[in-house]
Amino acid sequence: MEENLLALEAVLGPLHQRIVRASSGEEALKAMLREEFALVLIDVVMPGMDGFETAGTIKRLDQTKDVPIILVTGVNPEPDYTYRGYAVGAADFLTKPIDPWVLRTKANVFLELHRQKRELAAAGPENGERLAAAAEELARIELLLRESPAPDTDAIADRVARVSRSLRGPEA
């Protein structure tokens with residue numbers, strides 16, 4: 001729905017990232033095959049393919065399988081929605097009304113993970129030990145985000161900043 005897209009854009013605007021809109025699962029898949037994405041937010045209820053089907057398709061495609069997905073649903077979700085969301089490969093699941101601070105924090109972590117992943121790929125294999133330690137810490141942060149309904153945003157931001165500094169090396 002147009003008002004949902006506008007609300008998400010307003011919440012995510014302060015992150016200063018390019019936002020690509022899609023009004024259906026099919027439209028989202030087409031966009032994802034045309035360019036690289038750091039994160040996808042998918043509403044469970046959409047015309048055509050629902051959010052679960054769209055997320056499952058994203059996770060089955062080699063080109064898009066590693067893109068984290070946050071599923072979003074209405075105020076009274078079905079009891080099995082969370083399970084179904086994680087079963088199709090979603091990284092997180094949020095219920096409306098969405099707390100803007102929680103969404104921005106979670107989105108920012110996934111954006112930072114994407115940026116660091118690109119830096120790691122560009123750094124080459126000579127940084128193996130440092131990269132492995134950073135990957136382990138990022139996995140712990142992701143787990144914390146998944147398990148905490150209201151994560152301590154300052155603590156998570158500090159942890160992400162430490163990982164970022166560790167990837168820059170001792171001269172940073």
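**Close-up views of salt bridges and packing**

**View A. R159 is partly exposed, with a relative accessible area of 21%.** Here, buried means under 20% relative accessible area, exposed means over 50%, and partly exposed is in between, using a 1.4 Å probe and protein chains only. This is a predicted model, in which local features need pLDDT of at least 70 and side-chain atom pairs count only at pLDDT 80 or more, while totals for chains, interfaces and linings use all residues. Residues are numbered from 1 along each chain as its sequence is written, and side-chain values use heavy atoms, with hydrogens and water left out. The partner to find in this view is E137: R159 forms a salt bridge with E137, and their closest N and O atoms are 2.8 Å apart. The pair ties together parts that are 22 residues apart in sequence, because R159 lies in helix α7 (residues 153–168) and E137 in helix α6 (residues 128–147). Helices (H or I, at least four residues) and strands (E, at least two) are DSSP runs, numbered from the N terminus. E137 itself counts as buried, at 15% relative accessibility.

**View B. E35 and R18 form a salt bridge between two loops.** A salt bridge here is a side-chain nitrogen of Lys or Arg within 4 Å of a carboxyl oxygen of Asp or Glu, and by this rule the count comes to ten salt bridges. In this one, the closest N and O atoms of E35 and R18 are 2.0 Å apart. E35 sits in the loop between α2 (25–34) and β1 (40–43), and R18 in the loop between α1 (2–12) and α2, so the pair ties together parts that are 17 residues apart in sequence. R18 is exposed, with a relative accessible area of 61%, while E35 is partly exposed at 32%.

**View C. K96 reaches D43 in another salt bridge.** The closest N and O atoms of this pair are 2.7 Å apart. It links distant parts of the chain, 53 residues apart: K96 belongs to the loop between β3 (92–95) and α5 (100–123), and D43 to strand β1. K96 is partly exposed, with a relative accessible area of 22%, and D43 is buried, at 19%.

**View D. Helices α2 and α3 (residues 51–60) pack with their axes 9 Å apart, at an angle of about 20°.** That makes α2 roughly parallel to α3. Axes are lines fitted to C-alpha atoms, for helices over the stretch in contact, and angles run from 0 to 180 degrees between N-to-C directions. Angles under 35 degrees count as roughly parallel, over 145 as roughly antiparallel, 65 to 115 as roughly perpendicular and the rest as oblique. Look for G25, L29 and M32 of α2, which meet T54, T57 and I58 of α3; contact means heavy atoms within 4.5 Å.

**View E. T54 of helix α3 is buried, at 0% relative accessibility.** Not counting residues up to four places away in sequence, T54 touches G25, L29, I42, M46 and M49.

**View F. L12 of helix α1 is buried, with a relative accessible area of 9%.** Leaving aside neighbours within four places in sequence, L12 is in contact with I19, L41, L103 and A107. Another residue to pick out is P100: the C-alpha atoms of L12 and P100 are separated by 8.1 Å, although the two are 88 residues apart along the chain.
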